[in-house]
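Got your viewer open? Let's take a short tour, one selection at a time.

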Amino acid sequence: MARLSLNQKTTDRWSVAEAVAGCVRAGLPSIGLWREPVQAIGVPTAARLVADAGLRVSSLCRGGFLTAADPARRRRALDDNRRAVDEAAELGAACLVMVVGGLPEGSRDLAGARERMAEGIAELAPYAAGRGVRLALEPMHPIFCADRGVLSTLGQALDLAERFPAEQVGVVVDTFHVWWDPDVLGQIRRARGRVASFQVCDWITPLPPDALLSRGMMGDGHIDFPLLRRAVEQAGYAGDIEVEIFNAEVWAADPDAVVATLARRYVTHVLPD
């Protein structure tokens, strides 16, 4: 359990205080926080709750959404990302996860969206470095390219991250988003020193009508977790392994039972060699 982290979204009904207490009850040493529930109680209060419980913050979700074409929207997005950096710094988060954004409404200019996103990262990286925060680019499965993430492969994320020092910009290896990629092992090897976060959940079939809620508990789907875990470890990653699940049935279940299940599944499906 020494590296197991609960991403707060997995127990979506829990407040920050409830999630922190749940981690303590289950013996988890780390938590991944989301900005909205943190803002609901205030960043100083959230930071104190985590510190008093002796937990680490494996990540803060999320920054990003940097693809707006309208100059005013773009300025607002950059300002919000600077606030996210400040929040991550105050929380002592290992990284700020960047969900970079999809196509602006009505747009079909994918190349332009990717260019604006890269420009946004270039503007934010020095600010984040000054606050001691590492930006973590999250490539997302191609089904989310239009509305959430124009970085669709780990290779694309690394192409961008490698423009910056590794301590400033890294990448997220999320099993849900990368397991299908025939070049994923090669790209993880390429990511040595760049893996800022390793997140796990399963790919289940059939997919629910809302693809966003299609993440399954480890062992309920098709992903070879030990293969990917070994790969990120061989690439030098020794940080927390964060369970992040968006699933209506999981969210409706008793959160303590969910945490107990994910802890068991972590041991039986993620750790084995």
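**Two helices side by side**

Start by selecting α1 and α3: these two helices run roughly parallel to each other, because the angle between them is about 10 degrees and angles under 35 degrees count as roughly parallel. Keep in mind that you're looking at a predicted model. Two packed helices are described by the angle between their axes and the distance between the axes. Here the axes of α1 and α3 lie 10 Å apart.

Now show the side chains where they touch. On α1, pick V16, A17, V20 and V24; on α3, pick A46, L49, V50 and A53. What classes of residue make up this contact of α1 with α3? It has 8 nonpolar residues, with no polar and no charged ones.

**Along α3**

Next, hide α1 and keep α3, residues 43-53. Colour V43, A46, A47 and V50, which are buried. Then look down the axis of α3: the buried residues fall within an arc of 100 degrees, so they line one face of the helix.

What do these buried residues pack against? Bring back α1 (16-26), then add β2 (30-34), α2 (35-41), β3 (56-64) and α4 (71-91): the buried residues of α3 pack against each of these.

Step off the end of α3 and click on G54, which follows the helix. The phi of G54 is positive, near 75 degrees.

**Zooming out**

Finally, select residues 26-254, which an unreviewed UniProt entry lists as "domain: Xylose isomerase-like TIM barrel". This span is 41% helix and 17% strand, and its end C-alpha atoms lie 14 Å apart.

Notes: Residues are numbered from 1 along each chain as its sequence is written. This is a predicted model: local features need pLDDT of at least 70, side-chain atom pairs count only at pLDDT 80 or more; totals for chains, interfaces and linings use all residues. Side-chain values use heavy atoms; hydrogens and water are left out. Buried means under 20% relative accessible area, exposed over 50%, partly exposed in between (1.4 Å probe, protein chains only). Helices (H or I, at least four residues) and strands (E, at least two) are DSSP runs, numbered from the N terminus. The arc is that of the directions from the helix axis to the C-beta atoms. Contact means heavy atoms within 4.5 Å. UniProt positions are given in the numbering used here, feature names are shortened, and annotations may be inferred rather than shown by experiment. Axes are lines fitted to C-alpha atoms, for helices over the stretch in contact, and angles run from 0 to 180 degrees between N-to-C directions. Angles under 35 degrees count as roughly parallel, over 145 as roughly antiparallel, 65 to 115 as roughly perpendicular and the rest as oblique. Ala, Val, Leu, Ile, Met, Phe, Trp, Tyr, Cys and Pro count as nonpolar, Asp, Glu, Lys and Arg as charged, and the others, Gly among them, as polar.
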